[in-house]
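Here is a quick tour of side-chain contacts and packing for anyone who likes to think in terms of atoms and distances. Have the viewer open and click along.

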Amino acid sequence: MHPTLFAISQLPLRCVNAALDLHVGGSRREVFFDIDETYPALREIDRNADSIRAELMPLLSDWEDLPEYHVVDAAQTRISSSTPHRWKVFLLYAMGEKPAVNRQRCPQTCAVIDDIPDLFQAFFSILEGGKSIPAHCGPYRGYLRYHLPLVVPAHNPPNIRVKDITHTWRDGESILFDDSWEHEVHNDAADLRVVLIVDVLRPMPFPFHAVNRLVSVFIRYLYGRGLVKNLR
């Protein structure tokens, strides 16, 4: 999506966020979540970490040929290209859209994520050594973000700050957090950091869940399709 159109799309999302805040708590909402209590289905990804990593490794043999994030999604230009070094992505699922060529290279990974209820988005996030991601906020309260670290440098391991909590990634130790809080990433190591990112619709009761499902349909057609189109 073009950055200008993305900025315009934030206006209705802010209204929806305000409505969802009646349930999620607004400025009092949680930052990190217990996966077993909040979204236990995500543990199936944990259990398949070895097979997911096995499909990832061939991709990393030519990781420099993979697209940078702002090439796939121009709305991410500020956070993707404003700091030195590269942030590559390998998209597997985008709000219901399925990039066929990418998915053919990772069939076992896609089989696992496709079984996750209310899947919203999934991709491998590959940070070059020395790459940082500046502070930013996800635009929408309606999803939670899961990270499964698959490649983490042992020396000077990278970290993520979400609101006022800093977390250092460890191989295979997944986390779940609210992406709409301000967050930033630092990979000060010399090597790649690779995380499988999976976004899922935030668990909420009716009518909030119904609103969330409806908004996700609009996002698919206004946003998700454009991401997949940019891969062709």
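What follows goes through charged pairs, aromatic rings, one helix and the nonpolar cores of this predicted model.

## Salt bridges

Let's begin with the charges: searching the whole structure turns up 17 salt bridges. A local one sits in helix H3 (residues 43–47), where Arg47 and Glu44 are three residues apart, about one turn of the helix. Their side chains meet with an N to O distance of 2.9 Å. The general background is that an α-helix has 3.6 residues a turn, so residues three or four places apart point the same way. As for solvent, Arg47 counts as exposed because its relative accessibility is 59%, while Glu44, at 35%, counts as partly exposed.

Next up is a bridge between loops: Glu64 and Arg86 pair at 3.6 Å, N to O. Glu64 belongs to the loop between helix H4 (49–60) and helix H5 (69–72), and Arg86 to the loop between helix H6 (77–81) and strand S1 (87–94), so this pair ties together parts that are 22 residues apart in sequence. Glu64 is partly exposed, with 48% relative accessible area, and Arg86 is partly exposed too, with 23% relative accessibility.

## A long-range bridge and a network

How far apart are the closest N and O atoms of Glu97 and Arg225? They are 3.3 Å apart, and the two residues form a salt bridge. This pair links distant parts of the chain, with Glu97 in the loop between S1 and helix H7 (100–105) and Arg225 in helix H9 (residues 208–229), 128 residues apart. Glu97 is buried, with a relative accessible area of 13%, whereas Arg225 is partly exposed at 42%.

There is also a network: Arg29, Asp178 and Arg202 are joined by salt bridges that share partners. Arg29 has a ring contact as well, lying over the face of Trp181 at 3.8 Å from the ring centre. Another arginine, Arg193, lies over the face of Trp169, at 4.8 Å from the ring centre.

## Aromatic pairs

Now for the rings, which make six aromatic pairs in the structure. Phe32 and Phe177 form a tilted pair, 5.9 Å centre to centre with 50° between the planes. Phe32 sits in the loop between helix H1 (3–24) and helix H2 (35–38) and Phe177 in strand S7 (residues 175–177), so the pair ties together parts that are 145 residues apart in sequence. Phe177 is buried at 1% relative accessibility, but Phe32 is partly exposed, with a relative accessible area of 22%.

Tyr69 and Phe123 also make a tilted pair, because their ring centres are 5.8 Å apart and their planes meet at 45°. Here Tyr69 comes from helix H5 and Phe123 from strand S2 (residues 119–127), 54 residues apart, so to speak a link between distant parts of the chain. Both Tyr69 and Phe123 are buried. Add Trp87, and ring pairs link Tyr69, Trp87 and Phe123 into a cluster.

## One side of H8

Which residues of helix H8 (residues 107–114) are buried? They are Thr109, Cys110, Val112 and Ile113. These residues lie on the same side of H8, because they cover an arc of only 160° around the axis. The cover over the buried residues of H8 includes H3, H4, S1, H7, S2 and strand S9 (193–201).

## Nonpolar cores

As a general point, nonpolar side chains in soluble globular proteins tend to be buried together. In this model, the largest nonpolar core has 37 residues, and Trp87, Tyr140, Ile160, Trp169 and Ile219 touch the most other members. At least two residues of this core come from each of H1, H5, S1, S2, strand S5 (159–162), S7, S9 and H9. H9 gives the most, with six residues.

Trp87 is worth a click: leaving out residues up to four places away in sequence, its contacts include Pro67, Tyr69, Ile79, Ser125, Leu127 and Ile133. Apart from the largest core lies another, of 34 residues, with Leu42, Ala49, Phe90 and Tyr93 among them.

How values were computed. Residues are numbered from 1 along each chain as its sequence is written. This is a predicted model: local features need pLDDT of at least 70, side-chain atom pairs count only at pLDDT 80 or more; totals for chains, interfaces and linings use all residues. Side-chain values use heavy atoms; hydrogens and water are left out. A salt bridge is a side-chain nitrogen of Lys or Arg within 4 Å of a carboxyl oxygen of Asp or Glu. Helices (H or I, at least four residues) and strands (E, at least two) are DSSP runs, numbered from the N terminus. Buried means under 20% relative accessible area, exposed over 50%, partly exposed in between (1.4 Å probe, protein chains only). Rings of Phe, Tyr and Trp (its six-membered ring) pair if their centres lie within 6.5 Å; planes under 30 degrees apart count as stacked, over 60 as edge-to-face and the rest as tilted. A charge sits over a ring if NZ of Lys or CZ of Arg is within 6 Å of the ring centre and within 35 degrees of the ring normal. The arc is that of the directions from the helix axis to the C-beta atoms. Contact means heavy atoms within 4.5 Å. A nonpolar core is a set of buried Ala, Val, Leu, Ile, Met, Phe, Trp, Tyr and Cys residues joined through side-chain atoms within 4.5 Å.
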